[in-house]
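Please open the structure in your viewer and keep the selection tool at hand. The tour below proceeds one selection at a time.

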Amino acid sequence: MKFVRSSIYKMKIKSQGGSLEKLKLIEDIQFFPPEKITEIQEEKLKKIILHSYYNVPYYRQLMDNKGIVENNKVNLKRFTDIPILEKSDLIERFEELKSNDLKNRKSFVNSSGGSTGEPVSFIQDKEYYDWMMAVKFLFNKWAGIDFGDSLIRLWGSERDLFVGKETLKTMVGRLIKSEKWLNAFRMNNEDMEKFLDEINNMKPNHILAYVESIYELARYIELNNKKVYSPESIMTSAGTLYPHMRDTIERVFDTEIFNRYGSREVGDIACECSNHNGLHISSLTHFIEVINPDGTPAKNGVEGELIVTPLTNFSMPLLRYRIGDTGTISREVCSCGRGFPLLEKVSGRITDRFIRPDGSIVIPIYLIHIVGVVLYDKWIRKFQIIQEDYNEVKVKIVLQSPNNDPHLVYKNQLNEITDKIKFVMGKECNISYEFVNNIPPTSSGKYRYIISKVEG
Ligand SMILES: [Zn+2]
C-alpha cells in the first residue's frame, strides 16, 4: 500500500513541475565540499543581485552608482552595502519591490500571519515554489520521512483552520500522502486526549508539529501517566526548540527529533540531519548572514541577528531581509559529510503564553494566527495582544490608515477576532480593543506582540 501511495504521490508532484528534479540536484550537491558549495551559492547570489539591479526599481535605486554592479558584473565584496530590508519596507515599498518581468513568472501573492506583530504580503512564483518544495522533501529525507509515509501533523494554519471545510482535492491529497491533520489551534485537556487517541490509533511513521504544541502534548502525557505510540521521528518547526523542550519530547515519545527552521516569507531555511549537530542551512536556496547589533558581520560561533537572502524568488527578490530571529553559524563541520554550514541556537522572539482559568495553556502562535485571519484585509498595521487577567484580554491595534471611529468601521472584523479569542480562551473571557498610534518595541529592541500579565 505504501508503495502505491508513494508512486501516486510522486506522480502528482511530477505533474506539478520541477521540484523532484531540484531535489535530485540538491541531494547530489549536499555532499560537495563546503568551498565548492560556497562557490555555487555565490554564483546564485550574483544572479539574483544582477536580476534585482536590472528589474526591480527598489534595488535599482539603492544600488545605482554604489559599485555593487559594474559592467554587468557583481562585486560581492560590496554586497553588505545593500541596506537591510525591513518588514516595514515590504509594506511601504511593495510596488517598487516587484520585478518588472513579473507577468512572465507565474507569480502569486503570499502573506505571513504577522508572527512579528507586523503582517506582510509578498510575491512568490512557480520557480520559487518548486525550490521550496524540493527543500521540504530534502529535509524530510534527512528526518527519514519518505514519500508515502504516514504522517500526523500537529499544526494550525489560519487559512486551513478558518476557511471552512476541506475541499475534496485536499482530502484526496491527504489520503494519498496518508496524512492526518490535528488542529493544534486549541489544546485543552479534551483536545489533548483526542490527539493522543489519534496518534495511538493511527501509529504514524512520523509526526510534524509546532514546537510548542508537541511540547504541551508531551507534558500532558507525562503528567497524566499516559502511554503514547512512538513514531520513527518527530519534526518540529515554527518555534524555538529549547533544550528542556527537546528533552521532554524525546523522553515522552521515545524518538528522535529533527528541528526545522523557516518562515512563510522565505520558506524552509535549515534542518537537522541525524547527527544533530545543529541545523544544516539549505545553501542553494538561501544565503544567511549573522550580524552584530552594530550591523557588522558576526564571527562564526557568535550569536547575532539573522539576515536572509532567498536565492530563488525572482518575482520579488528580498535581498538582506531581516527575518526577526537570532542564531549562530557553527565553527564546526558536521560529521555527516554534508557541506552545508550549520546553524546553531536559532531562536525567535520571546513571547508569552496565555493561561486559562483551568490552568491550560494557549500558545502564542495560535493567537498570532487569530489576528492573521483578519490581516488579509490589510487594515491592521501592528498589533499586540495582552492578557491582563485570566478572563481579560486587550488587543492593541495600529491601523494602516487612521480612522475616526474604528470600533464602528471595523465592527465585523473586531467581532471576528473576539469570537476567535473566545474560542481558545473560553466564553467568559472579556476582549477589549484599544487603537493606538504606535506600539514601541521593548528597551531591548525586541517587539513583544503577545504579553501575559498572568503568572503561570
Ligand atoms: Zn549533518
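In which loop does Asp254 lie? Select this residue to begin: Asp254 is in the loop between helix H11 (243-253) and strand S9 (256-263). The model is predicted, and its backbone at this point has a phi near 50°, a positive value in a residue other than glycine. Exposed means over 50% relative accessible area, so Asp254, with 59%, is exposed.

Next, select Asn225. This residue belongs to the loop between helix H10 (211-223) and strand S8 (233-237). Phi of Asn225 is likewise near 50°, positive although the residue is not glycine. Its relative accessibility is 70%, and Asn225 therefore counts as exposed.

**The whole chain**

Now display the complete chain as a cartoon. Its secondary structure comes to 14 helices and 21 strands. Of its 456 residues, 54% count as buried. Among the contacts with a separation of 6 or more, 69% are between residues 24 or more positions apart.

**The nonpolar cores**

Select Ile214, Leu217, Ile249, Phe253 and Tyr366. These are the residues with the most contacts inside the largest nonpolar core, which has 84 residues. Helix H6 (residues 126-142) supplies the largest share of this core, namely ten residues. At least three residues of the core come from each of domain 1 (1-348) and domain 2 (354-452).

Keep Phe253 selected and show its surroundings. Beyond its neighbours within four places in sequence, Phe253 is in contact with several residues, including Ile199, Ile207, Ile214, Leu217, Tyr229 and Pro231. A second, separate core can be located by selecting Tyr58, Met63, Phe287 and Val308, which are among its 43 residues.

**Helix H6**

Return to helix H6 and select all of its 17 residues. From its first C-alpha to its last, H6 reaches 24 Å, close to the 24 Å expected at 1.5 Å a residue. Is H6 largely enclosed or largely open? Twelve of its 17 residues are buried, so H6 is largely enclosed by the rest of the structure. Among the buried residues are Trp131, Phe137, Phe139 and Trp142, together with Asp130 and Asn140. After H6 comes Gly144, whose phi is positive, near 80°.

**The zinc site**

Select the zinc ion and display the side chains around it. Which residues coordinate the zinc ion? The donors are Cys273 (SG), His280 (NE2), Cys334 (SG) and Cys336 (SG), at 2.1 to 2.2 Å. Along the sequence, these donor residues follow the spacing C-x6-H-x53-C-x1-C. The four donor atoms subtend angles of 102 to 117° around the zinc ion, and the arrangement is therefore tetrahedral. For four tetrahedral donors, the ideal angle at a metal is 109.5 degrees. Among the donor residues, Cys334 counts as buried because its relative accessibility is 5%.

**From Cys334 to Leu342**

Finally, select Leu342, which is found in strand S15 (residues 342-347). Is Leu342 buried or exposed? With 2% relative accessibility, Leu342 counts as buried. Leaving aside neighbours within four places in sequence, Leu342 is in contact with residues that include His280 and Cys334; both of these are donor residues of the zinc ion. Other contacts of Leu342 include Asn277, Gly278, Thr328 and Ser330. To finish, mark the C-alpha atoms of Leu342 and Ser330: the two residues are twelve residues apart along the chain, and these atoms are separated by 5.4 Å.

Conventions. Residues numbered from 1 in each chain as written. Heavy atoms only, no water. Core = buried A, V, L, I, M, F, W, Y, C linked by side-chain atoms within 4.5 Å. Buried < 20%, exposed > 50% of the residue type's maximum accessible area, 1.4 Å probe, protein only. Helix = DSSP H or I, 4+ residues; strand = E, 2+ residues; numbered from the N terminus. Domains from an automatic or database assignment. Contact = heavy atoms within 4.5 Å. Donors = N, O, S within 2.8 Å, 3.2 Å for Na, K, Ca; no water. Tetrahedral: all angles 85-135°; square planar, octahedral: opposite > 155°, others 65-115°. Expected span 1.5 Å × (residues − 1).
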